Structure formats: C-alpha cells, structure tokens
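These are my notebook entries on a structure that I went through part by part. I set down what I looked up in the order in which I looked it up.

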Amino acid sequence: MSAAIAAPHIDWTALGPISILTGGAILTLFFGLIGSSGFRRVAVPLSALTTLVGALVWLISEWSKASAGGLTIISDALRIDPLTIVLGSICLIGAIFAVLISLRSDSALGGGEFHSLMLFSVMGMLVLIASDDLVTLFLGMELLSIPLYVLSGSALKKERSLEAGLKYLIVGSVGSATLLYGLALLYGATGSTDFVAINKAILSGSTINDSLFVGGMALAIVGVSFKASASPFHQWTPDVYEGAPTGVTTFMATATKAAALGIMIRLLAGPLLPAVDDWSPIIAVLAVLSIAVGNFGALGQDSLKRMLAWSSVAQVGYLLAAVVVAKELGIRAVVFYLAVYAVMTLAAFAVVAENSRDWDEGERLDGFAGLGRRRPWLAGSMSVAMLALAGLPPTAGFIGKLTVIGAVVDGGHAWLAFAVVIGSLISLAYYLRVIAVMWFKDAPEGAEAAPTRRAPELVAIALVAAALTIAIGVMPSWPLDQAAKVTQKSLQSNTNR
Amino acid sequence: MEVTLLLLLPVATALVGAILGRKLVAAVSLLGALGTLGLAIGVALNWKSSLGGNQFKVDDMWISQLGIHWALTIDGLNLALVVLAAFVYASVVLALALRQPEEPRLFFFHLGLGATSVIGALLAQDLILFVLFFDLMLVPFYFLVGQWGTGDKAKATLKMVIYTLAGSLLMLAAAVATGVYAANVSGNHIDYLFSNLAHVHLAKGTQQWLFLCFAAAFLVKMPAVPLHGWLKDAYKAMPLPVLALFSGVLSKVAAYGLLKAALPLFPDAAASFQTLMLIIGLVSIIYGSALAFTTNDARLVVGYSSIAQLGFIVIGIFSLTTAGAQGALLQMVNHGIVTVLLVFIVGLLANRAKGSEDLGSMGGMAMGAPILAVVFLIAAFANLAMPASANFVGEFLILKGVFDSTAVIAVLACLGVAMAAVYMLRMYIRAMHGPDENGVEQREITFKEALPLLPATALVLALALSPQPLLKRTEGPATAAVAQAALAKGQSPDGKATTAKVVVKP
C-alpha cells in the first residue's frame, strides 16, 4: 500500500482564466510596490485591466470546447460549460468597468491592493460559477467574499466605508457559515460532494424526503441568498452599497449579483433539479419577499446608492421568480436578465460616480436636481437606466421583464407574474422620482459649487451603457438567441453526464 | 413598408430636427408631421374595403425567442384612427411651430416619440407589440407634463403614471399569459399575432381574468369613472398643445384597444362582463357630464366632457352590435377632432382673459371676436351632437346599438345627450355672451392663432356633411370585432337574439 496521493490531472489550458487572474493579482500587488507614485498610478490599473481582459479573452476562447459537451477539470472539481462562460464574462466585464470607474477614486490610488483584491474576488467568482463540487463551491464563495469585505472598507477616510466593511464581514460570515453547514448536511444526506453523484443519489429516490437533505438544501439556499442579497437576508445591502466606494458598489451590483445568481441556477437546475418540488416553494417565497421588501425599502430613500441597493434587492426578486421555473425558459430569462441588469446598473452607477466626484452631495437625490439642464447627456443616461430598471419600453429592461413573465406564466406560476408586475408598479415611484428631480426641478443653490473637473471616462461609460440598454431593447433578438443557446447547451451537457 | 415609415416618421424627423439645432427643430418636426399626415391620407385613399387588413402589411419576426412579430397593418378598424392621429399630431406641431416652447429640441423629440407610439399602438397586429407601444405612450408624456407643465406638476405626473401603469402593467402580464395559454391550448409554437390568438378558444375562467386586466388598462387610459382620478391634475398641468394630442388621440387608443384586443380575444368574458361595462360607460356619461357642468374651469369642462364622450364609446362597443361598434369608431374620430379644437379654443379664451381659464373671468368675447365665436360654436355644436353633425350620427348609431341589446341603458344614456347640450352651451355662453364684466381683451382671432384651428374646423364640417365613407369602411371590421362576443352572448351582431349555437373554433 502506497502512502502517496495521486495528484489529479490538471488541464492547465482550461484552467487558463483562473491562472491568469491569480498571476495578474500577484503581479498587480508587486506593481503597487515599485516605482514612483506616478508610475504606480498608471501601472497598477493597467495591469489589472490587462489581466481582466486577458482572462475574458481566454474564457471566451474556450467556447467551442465548452459547448461541445463541457469541460471538466481537476477531477470534476470545476466544470466549464457555456453557462459558466457567459456568467463568467458578465463578472469579468463588471470588474473591468469597476476598475474604470475607480480610476480616479482615492481608495484605488494607494498601492496595488485595491486592484489585486478585486482580481482575487473575480477569480473567486469564476471558481464559484464553474464549481462542480460542493467543496469548490464553498471555496469560490469565500474567495469572492473575503476580498470584498476589505474592498467595501477601502475608502479609509470615510467612516461609513469602514462601517460598511465591518458590517459586510459580520453578516457575510454568518452567510458563509450557513452555507457551509448546509453543504455539510447535503454531503451527509447524499454521501458525496460531487454534483453528478449528488444528482444520482437524489434520483435514486430515498433522499428526497430526508429531512437531512431538505434542511441542507434550505441552508445552502439561505447561504447563497446572503450573497445575492435576497430578502430576508439583505440587511447588509443598503449600508454596504452606500458606504463602499462607488467602483466597488458597481462591482458588487453587477459581478457579485451574476455570480450569486449563477451558482443558484447551477445548483438548483443542476444536481438539485430532481428535488424541484422541495426547493421551488422556498425560492418563490424568497422572490416575493425580495420584490416586496426591496421595492418598499427603496421608496423614500434620499441617497441614490441606498436606493439602488434596495432596488437591487427587488431585482433579485424578479430573477428568483424566473429561477422558480427550473426549465429552459426560466434559466434563459435569468441569463438574459442578469446581462441586461448589469448593463443598466452600470449606467446608473457611472452617473452616480461622476456626479459625486469630490462632492458628497452628489450621491444624494438633491445633488441630482437640475442635472437635465446642467448636463443633459449625463441626465439622459441616468433616465434611460431608470426607465430600464423600471421595465418600461423601449429599453432592455422591458424585454427582460417580458422574458421573466413569459417564463413564469409558462411554468404555471401566473401569480408570480403578478408579483413581478405589482413590484414594478411600486418601483416606478422611486425610479421616476430620480428622473423628476433631474429634469423637472431646478438646481439647488449649492449646486454651482459642484466640481467642474470632469471625468470623461465616466461619462463615456454611462453613455455607452445607456445606448446599449436602448439597443438591446429595440433589437433583443441576438442576445436572446444567445441566452437560449447557452441554456440549451448547458442543460444538454448536464443531462448527458 | 409604408406602415413602418408611417410609424417611424414622427420620431425620426423630430430626432433629426433635435440634432440639427433649436432653430430648425420645429421646422423639421413640422415637415415630418405633414409627411406623416400625407402618407396616412395616401394610404387611406388607396385602401380598399374588399381587401381588408391584407394591404400595406408588414409581418417580420422581431424577437424569435419570444415569438414576437413586427406586424403592422392598416385595416378597417385602425384606418380612420391612424389618419386622426397623424392629423392631430400635425395640428399640434403646427401650433407649436408658431409659438416655440422652451428647450424646443427635447420638447419636439418627446412629442414625436408620443406620436410614433400612438401610431404604433394603432397599427400593431401583434399583442405584445401593441402593449409595448401602449406602455411607451406614457414615457414621452411623462416628460412633457413634468418638464413643461404648469402648477402642481409633480403630483400630476405621479398620479398619471401610477394610475395608467397600474393598468398597463396588468395588461402586460395578461398579454404574455394570453400568448402562453393560447400556445398551450393550440399546441403551436408561441406567438402573439392577433389573427392567430383570435382563433384559440381559452377557458372562460381564464378569459375572465385576462379580460379584466386588459379592461383595467383601457378604462384607466380613457379614463372611465371610477378610474378617472388622475385626470383633473394631469389636465390642469399639461401644456395646451400636449393636452390636445393627449386628449384627442391617446384616449382613443384605449377605446380602440377594447375593440381590437379585449373583444375578439376574450369573447366569452366580454359577453359575461357586458353589463358591468355598460354600467361603467353609463356612469361615465352621467357623472362626467355632471362634473362638466359644475366646474368653472374651461379646461376641465373639456376634460370631463371627454369622460362622458368616452362613456358613449364604451357602451357602443359593449352593445356588442355592429351599429354600436361602428358608432363608437365614428365617435372616436369625431371626438378626437372636436377635442383638439376645443383645447386650442380654451387657450385662445385664456389669452383674452388675462391668462385665466376660469369661466367666471370670461364673458362677452363674441363682441370683439365674431370669427372665434363661430369656430367655437361649430365645435360646441359638434360636441353636443347637434343633428346634422357627425357626432349626432355617431351617438345615434351607438344608442341604436345599445337599444337593440340593452334598452334600459340606452334610455338612461339619452340623458347624457341632453346633459352635453347643457355643459357645452353653458361654456359657450359664459365665455362668449353676456356683458363683459371682467374687462376681457376684445380681440379677434389672428391669422397665426387661427392657422392650427382651420384644418380641424374644416374636418368637422366635412365629416358632418359626409360620414358615409368612414361608415362604409368600418362596417365589416366592426362586425368582425364584435361578432364572437355577440355570439357568446347569444345575439347576432345586428342586435337580434339568435338561436344559433355558439361556434367554438378549434
């Protein structure tokens, strides 16, 4: 009997994006230590951006292999299929724009740690959505979370930022612990950590009504819900979104959201699919609660970032409503909605970042008064983002709602469609309030003191994202076709195993 | 191809104008509006009753994954309304070009977008496309009221948006559900074409909740009592030219939606809710008229009279007879034109009464402005459905239709005809006759003021002389729109009770 453990075969090519991110993160950290501050200012973001773009290109280049049945790497620990690639791309693109938005942010100017942490976090996201095993799932979740705790608190001069970091750490740890407990119970009930084996164990029949199994599944869902900020596990969201630097908030709103929802559908529509009758009521309750709590919470918020935080809770509700439909239509709706949600949130946060540069008032609703007159293009982008988030035509948000409602009704949950619709109705009150303040109100006295130094990259991001929101709203065929293809291929490759 | 051009011309020209600059935007928009109108008239003249909706047809797949078509056509049902929309848009742009608003570039863009969405909703032959344009209508008007409105516009816009979108979003959910259920019943791939959906027979219970969602959207938009709560503030806050487009056309799209979507897609539900809808229409007539002759606000007289007139249109449609539906269609056109005229006249009256729109601050204006008085009188007579006016024909057909199906409603609705005379003549007399106690400006209508009014006045007279071309074109489509629902009710579209079994199409 040999004591040696046989190391698993590792397909380094397939692992490329993750390796690049790790290497880039370490390299970025080094760049932050050498040279003059002028050099660091250029080299650090540049190195981070290069890493992210490199990882993105590599990830997309795996498409043909992934769509031909999926790639399983490190003895079933990770799995790259079309769904992984799309969700991973959303995370990477979200990170790229978060770096761009933070270019002039104080917190990003120090050494390389801000960017390095962000790269590590993205790496965690890739591990998470590629995970094919409960252990990698937890590993990915922690890898993405721990850098985020630090990033939330990275605006060292702002008390709120430090508070946000601490709050996120505490609440996030509770979430992680819950998740771990749930995963442990799942392992106990099914006897395996591997997704395929878990699936087989459930299909064999005996586990479905096992309280160990149901409890584990519920705890795992709760753990992921913390990260996705689904109600009632959303309490950290408004404080953290508000306190964190806007670049980090953007990152959380786009990338973290995609990763958390991504693992939700991977897990539920993957190994746990046979137990759909057990988990769909849980998700339905979470969806309705999130829609209600998020929309009511957002009413009357005077801080734009807080408002967007509450609204993100509501948006998760719409996404979860589609998750309830574990069929192709539901997953397609989730993928499409996640992508368009990322685009429209990006537009909103770019505007917030630009309006609040060197001017704390700019994060507040009052700081937006008269923006339509002062800076019509910026206000226009924000208006498009708000209309899209509210789900009005001719924006991508409308098509997103349409796909969600279609999926939900088709899945036989017409009542959930009404929850979505009524939630959208409530949401109009606060989304349109932003538009009203920008266009229908005159600028307050102090607004002239607003900084005149402009950041063209922020305006450009806002404009491009807003234009994309309209473009997808008018010509949604291509992205929807892709979403459908991805869903189909991923489901196929799942069932073929 | 023509219909897509017709649809996009208003917003495209307004956008080009906005890019060219503030000096040119009015001219370019006007050009676009006149082009739209020319195109609409051209299409209407070349339209042949015998071919129905198969002319000027566009049907391309738009979003294949969701089964949504880019399907537009001109049929007998929307023909007159499309011309009306183009006409009103042209009149409004003309009025605005003569008197530029602040920040004209955004103003004209929003107005163009509004016109495009209205025309889109009228032309759409795909249920989701219809809902999309119907919802889109609200967005530009939200901006137009909020940014250029007067008075308490924050409250007005919020009320308007919440009311209308409550209905519209319910309709969105119901529209998606209609397509999904229809696909489940028929076993075909999902699509939302009206022509296909109308062939699928949904269970009555399903039809009922879908119908209620649709009806909610339409009744709010019209508005009908008791869903009219947003009207007062919104009307008060709207700039007058915007109000002309809003009141003249948008409410008609809602009434059109009843004929186009609610009746043919959910015939069993329409039959079972017939009484409810008739009562809502009747209450709108009586209550709207009562409000109109108790308010002193000239603008609200027009607004409340709209509620009453739309009430007539609702009972016409829900008489489930050809005559009623035809009368309703004719009345939509009539009321659209007359409202535009009245709204412009309210503006002229206010100009002469130191900017006040209160009837109490007017009086004796006919002395100094006989021509204005004549135009006003024509509009007033048309609105109160004086015999010989096209409105008379419309109301007569409606009442005939209702009488054939539910006589008691028709008898009560006749009260509304009398009440219309009271509030219109009261408004006319208070403004134009009597002693000039308030020191109004005695000034005849200038050419510049008259220009936007002339086409509408001419059209009122033309329709009065000859409503037949319109009636001829609407007979077939009106019958088709009500036929299924009438059968479900056990009556034939000519109002007679029928013993024929309800034909359920597979």
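**Entry 1. A threonine in chain A**

Which backbone oxygen does the side chain of A:T249 reach? I note beforehand that the model is a predicted one. I looked up the polar partner and found the backbone oxygen of A:Y241, at 3.1 Å from the side chain of A:T249. I then placed the residue: A:T249 belongs to helix α11 of chain A, which covers residues 246-268. Is A:T249 buried or exposed? I recorded a relative accessible area of 0%. Because the limit for a buried residue is under 20%, A:T249 counts as buried. Leaving aside residues up to four places away in sequence, I listed A:Y241, A:A244, A:K305 and A:F349 as the residues that A:T249 touches. A:Y241 thus appears both as a contact of A:T249 and as the owner of the backbone oxygen that its side chain reaches.

**Entry 2. Salt bridges within chain A**

I next searched the whole structure for salt bridges and obtained 21 over all chains. I examined A:R160 and A:E242, whose side chains meet in a salt bridge at 2.8 Å from N to O. A:R160 lies in helix α7 (residues 159-190) of chain A and A:E242 in helix α10 (residues 236-243) of chain A, so this pair ties together parts that are 82 residues apart in sequence. I compared the two ends for exposure. A:R160 is partly exposed at 47% relative accessible area, whereas A:E242 is buried at 7%.

I then turned to A:D239 and A:K167, which form a salt bridge with their closest N and O atoms 2.6 Å apart. This pair also links distant parts of the chain, with A:D239 in helix α10 of chain A and A:K167 in helix α7 of chain A, 72 residues apart. I found A:D239 partly exposed, at 22% relative accessible area, and A:K167 likewise partly exposed, at 30%.

**Entry 3. The salt bridge between the chains**

How many salt bridges are there between chain B and chain A? I counted one. I identified its partners as A:R373 and B:E103, with the closest N and O atoms 3.2 Å apart. The pair crosses between chains, from helix α15 (residues 371-374) of chain A, which holds A:R373, to the loop between α3 and α4 (104-123) of chain B, which holds B:E103. I noted B:E103 as partly exposed, with a relative accessible area of 24%. Following shared partners among the salt bridges, I arrived at one network that joins A:R160, A:E163, A:K167, A:D239, A:E242 and A:R306.

**Entry 4. The contact of chain B with chain A**

I looked up the extent of the contact and found 34 residues from chain B and 33 residues from chain A. The area buried between the two chains is about 3100 Å², and carbon and sulfur atoms give 78% of it. B:Q65, B:Y142 and B:L169 supply 18% of the area that chain B buries against chain A, more than any other three residues. I counted six residue pairs in polar contact between the chains. On the chain B side, β1 (58-63), α5 (127-136), α6 (138-148), α7 (153-186) and α9 (204-221) each supply at least two residues. The largest share, 14 residues, comes from α7(B). By class, I recorded 25 nonpolar, five polar and four charged residues on this side.

**Entry 5. The two domains of chain B**

I closed with the division of chain B into domain 1 (1-260) and domain 2 (273-498). The centres of these domains, taken over C-alpha atoms, are 22 Å apart. I found 44 residues of domain 1 in contact with 48 residues of domain 2. Between them the domains of chain B bury about 3900 Å², 80% of it on carbon and sulfur atoms. B:V225, B:L240 and B:L259 supply 16% of the area that domain 1 buries against domain 2, more than any other three residues.

I found one salt bridge across this interface and seven residue pairs in polar contact. On the side of domain 1 that touches domain 2, α11(B) gives the most, with 12 residues. By class, I recorded 32 nonpolar, eight polar and four charged residues on that side.

Technical notes
Residues numbered from 1 in each chain as written. Chains lettered and ligands numbered in written order. Predicted model: local features only at pLDDT ≥ 70, side-chain atom pairs only at ≥ 80, totals over all residues. Heavy atoms only, no water. Contact = heavy atoms within 4.5 Å. Buried area = accessible area lost by both parts, 1.4 Å probe. Salt bridge = Lys/Arg side-chain N within 4 Å of Asp/Glu carboxyl O. Polar contact = N/O pair within 3.5 Å; in protein donor to acceptor, adjacent residues only side chain to side chain. Helix = DSSP H or I, 4+ residues; strand = E, 2+ residues; numbered from the N terminus. Nonpolar A, V, L, I, M, F, W, Y, C, P; charged D, E, K, R; others polar. Buried < 20%, exposed > 50% of the residue type's maximum accessible area, 1.4 Å probe, protein only. Domains from an automatic or database assignment.
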